[in-house]
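Reader: I am in my first year and I keep meeting words for which I would like to hear the reasoning. Could we go through one structure together, asking each time what a word rests on?

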Amino acid sequence: MMQTPSPENSYQTAHADLLLTSFAQATDRPLLEGADAEALYRAPFPVLSHNTAADPVLTYGNLAAQRLWEMGWEQLTAMPSRLTAEPTHRGQRDTMFAEMRAKGFISNYTGVRISALGRRFEIRNAIIWPLLGADGGKLGEAATFRDFAFL
């Protein structure tokens, strides 16, 4: 598990660069104009990623994601990503990931999520993309969105 992004670890520059580069490769546009690792961590919209485990675990959640899911870095990055959604919404989430894997990325995902404190919210027009290493190998998947509403 990575340490909380901070000045001491350059805001996890390697992972931030992976998020930014993979997003640009998938979508042909920047995730955040002129962004560096600190700007990504402090961005006003959520950015999350998970690894390639059989039951993927979150590997990154910027401050906006931590606030929305109402948990800190340590709790967020220890959690299987499927737990960001309630059991009744996990099938829809699985279908979305299958579509993203087939198409390369998707930019119109809408789904219901739940915070650590049980607050339900709908994310809208989420962009989901693969995290690809320099060799093209898959290192995980990521998501971002700017539109959400509490239910």
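Author: What follows is a set of questions about the words used for this structure, each answered by setting a value against a definition.

Reader: Before the details, what kind of model is this, and how many helices and strands does the protein chain have?

Author: This is a predicted model, and its protein chain has 5 helices and 6 strands. Read along the sequence, these elements follow the pattern α-α-β-β-α-α-α-β-β-β-β.

Reader: Why is the protein chain called as compact as a globular protein of its length?

Author: The radius of gyration of the protein chain is 14 Å, and the globule rule gives 15 Å for 151 residues; because the two values are close, the chain is as compact as a globular protein of that length. Along the principal axes, the C-alpha atoms fill a box of roughly 35 × 35 × 30 Å. Buried residues make up 49% of the 151 residues, and among contacts with a separation of 6 or more, 47% are accounted for by residues 24 or more positions apart.

Reader: What makes Tyr11 a buried residue?

Author: Buried means under 20% relative accessible area, and Tyr11, at 8% relative accessibility, therefore counts as buried. Tyr11 has its place in the segment before helix 1, and, leaving aside residues up to four places away in sequence, Tyr11 touches Pro5, Ser6, Ala16, Ala37, Glu38, Tyr41 and Arg42. One of these, Ala37, is 26 residues from Tyr11 along the chain, yet the C-alpha atoms of the two are separated by 5.4 Å.

Reader: How do you know how far helix 5 should reach from its first C-alpha to its last?

Author: The expected span is 1.5 Å times one less than the number of residues. Helix 5, residues 90-103, has 14 residues and reaches 20 Å, which is close to the expected 20 Å.

Reader: Which residues of helix 5 are buried, and why are they said to line one face of the helix?

Author: The buried residues of helix 5 are Arg90, Arg93, Met96, Phe97 and Met100. Seen down the axis of helix 5, these buried residues fall within an arc of 110°, so they line one face. An α-helix has 3.6 residues a turn, so residues three or four places apart point the same way. On the other side of helix 5, Thr95, Ala102 and Lys103 are exposed. What covers the buried residues of helix 5 includes strand 1, strand 3, strand 4 and strand 5, and the helix is followed by Gly104, whose phi is positive, near 105°.

Reader: Why is the pair Lys103 and Glu99 called a salt bridge?

Author: The cut-off for the side-chain nitrogen and the carboxyl oxygen is within 4 Å, and the closest N and O atoms of Lys103 and Glu99 are 2.7 Å apart, as a salt bridge requires. Lys103 and Glu99 are 4 residues apart in helix 5, and therefore about one helical turn separates them. Lys103 counts as exposed because its relative accessibility is 57%, whereas Glu99 counts as partly exposed at 29%.

Reader: What makes the salt bridge of Arg101 and Glu141 a link between distant parts of the chain?

Author: The side chains of Arg101 and Glu141 meet at 2.7 Å, N to O. Arg101 lies in helix 5 and Glu141 in strand 5, 40 residues apart, and in this way the pair links distant parts of the chain. Arg101 counts as partly exposed at 48% relative accessibility, whereas Glu141 is buried, because its relative accessible area is 4%.

Reader: How do you know that Asp147 and Arg124 form a salt bridge?

Author: The N to O value for the side chains of Asp147 and Arg124 is 3.8 Å, and the cut-off is within 4 Å, so the pair qualifies. Asp147 in strand 6 and Arg124 in strand 4 are 23 residues apart, and both count as partly exposed, at 32% for Asp147 and 28% for Arg124. Salt bridges that share partners also join Arg101, Lys138 and Glu141 into one network, and the count by this rule comes to 9 salt bridges.

Note on methods: Residues numbered from 1 in each chain as written. Predicted model: local features only at pLDDT ≥ 70, side-chain atom pairs only at ≥ 80, totals over all residues. Heavy atoms only, no water. Helix = DSSP H or I, 4+ residues; strand = E, 2+ residues; numbered from the N terminus. Buried < 20%, exposed > 50% of the residue type's maximum accessible area, 1.4 Å probe, protein only. Arc of directions from axis to C-beta. Contact = heavy atoms within 4.5 Å. Rg over C-alpha atoms; globule rule 2.2 N^0.38 Å.
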